[in-house]
Amino acid sequence: MTDRAAKGERAAFERALERSLREGPPDEDGYRAEAVDFSTEVQVRSSIGFRARRPAARVGRRPPGVSPVIASLDWVALVLVVVLAGFALLHRTIPGGLVGGPQSVEQGGASPIPVPLLTETFVSTRNGFSVGYPKGWSTTAAASSWRPNTLLPFRSPALDELMLVGSARLVVASQRLEAGQTEASWIASYGQDYFLRRCSGDRAKWPRLTVDGATGYLDLIGCPVAADQALSTPDVAFGAIVFVENRVYRIGLDGHVDLGYFEAILATLRLDPASAIDPPEIP
């Protein structure tokens, strides 16, 4: 039998089967077969259980019933959220730029932590500076000078200390640069306690700042302090290193403070390197 004859017999059989089902009695559920047109592929595939494929959704296509204006507003809102979030992150990281690279730090930035009125003035005759501080803080003048190549732990006698328990603590010390010593060589040899050194990062990327017209570096930004948690909770530290004439100043603030708080105090700082007292030369 040829293929053509076989196809003819199959077609005749399908027509007879379909006619008998249509003209015969309904089944027990009352269903009666209806005529099926086998001429189209879609109807054949549907009759044997295949579902027609839905076209793939296009990315960015607006849902039915949404006007183009509304859809455009949704995209604009999304872009604004992303942009504003980015600006907020950059601003919160550090005013004036990201940490890394010589950046200028804006002074007097707004602080989420309220800064008390800095109505009092402390003058250091040993370290050569004056600074404003809040009423009610205690002050302890430095009893000795900061010698080269020595650490400055909290409560070092070389530190001028201003503080209020439960709030904050300001410490300042200074030392004369040695003969031939530059900013770069001093920073390269500068030593810190371990818990501060782990926060200072790459010294080549410390942000720059200005204190009383002198340039310096912001070497600590919100470093958690584990050495003296009795001061306040939380206790985080900020630090600056400032060079003026032939002298370097180390300024630190820790406690329940932030960068804005530190900037407010730095804005009151007046450096007087000529009045500082240095230790006698060691033979």
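The legends below describe close-up views of a predicted model.

**View 1. The whole chain, with six helices and ten strands.**
The chain has 283 residues, and 35% of them count as buried. Its accessible surface comes to about 17,700 Å², and carbon and sulfur atoms make up 58% of that area. Among contacts with a separation of 6 or more, 55% join residues 24 or more positions apart.

**View 2. An open sheet of three strands, in the order 1-2-10.**
The pairing in this sheet is antiparallel. Strand 1 (120-124) and strand 10 (270-271) are at the edges; each has a single partner strand, so one side of each is left without a neighbour in the sheet.

**View 3. The pairing of strand 2 with strand 10.**
Strand 2 covers residues 129-133, and two bridges join it to strand 10 in the antiparallel sense. Ser130 stands opposite Arg270, a residue of strand 10.

**View 4. Helix 6 and its surroundings.**
Helix 6 runs over residues 259-266. Seven of its eight residues are buried, that is, under 20% relative accessible area, so the helix is largely enclosed by the rest of the structure. The buried residues are Leu259, Gly260, Tyr261, Phe262, Glu263, Ile265 and Leu266. Their cover includes strand 2, strand 5 (168-176), strand 6 (208-211), strand 7 (214-224), strand 8 (236-244) and strand 9 (247-255). Strand 2 thus has a place in two views: it pairs with strand 10, and it helps to cover helix 6.

**View 5. The start of helix 6.**
Here a side-chain oxygen of Asp258 lies within 3.3 Å of the backbone nitrogen of Gly260. Gly260 is one of the buried residues of the helix.

Key. Residues are numbered from 1 along each chain as its sequence is written. This is a predicted model: local features need pLDDT of at least 70, side-chain atom pairs count only at pLDDT 80 or more; totals for chains, interfaces and linings use all residues. Side-chain values use heavy atoms; hydrogens and water are left out. Two strands pair if DSSP finds at least two bridges between them. Helices (H or I, at least four residues) and strands (E, at least two) are DSSP runs, numbered from the N terminus. Buried means under 20% relative accessible area, exposed over 50%, partly exposed in between (1.4 Å probe, protein chains only). Contact means heavy atoms within 4.5 Å. Accessible areas come from the Shrake-Rupley method with a 1.4 Å probe; for residues, only the protein chains shown count as cover. A polar contact is a pair of N or O atoms within 3.5 Å; within protein, one must be able to donate a hydrogen and the other to accept it, and residues adjacent in sequence count only if both atoms are side-chain atoms.
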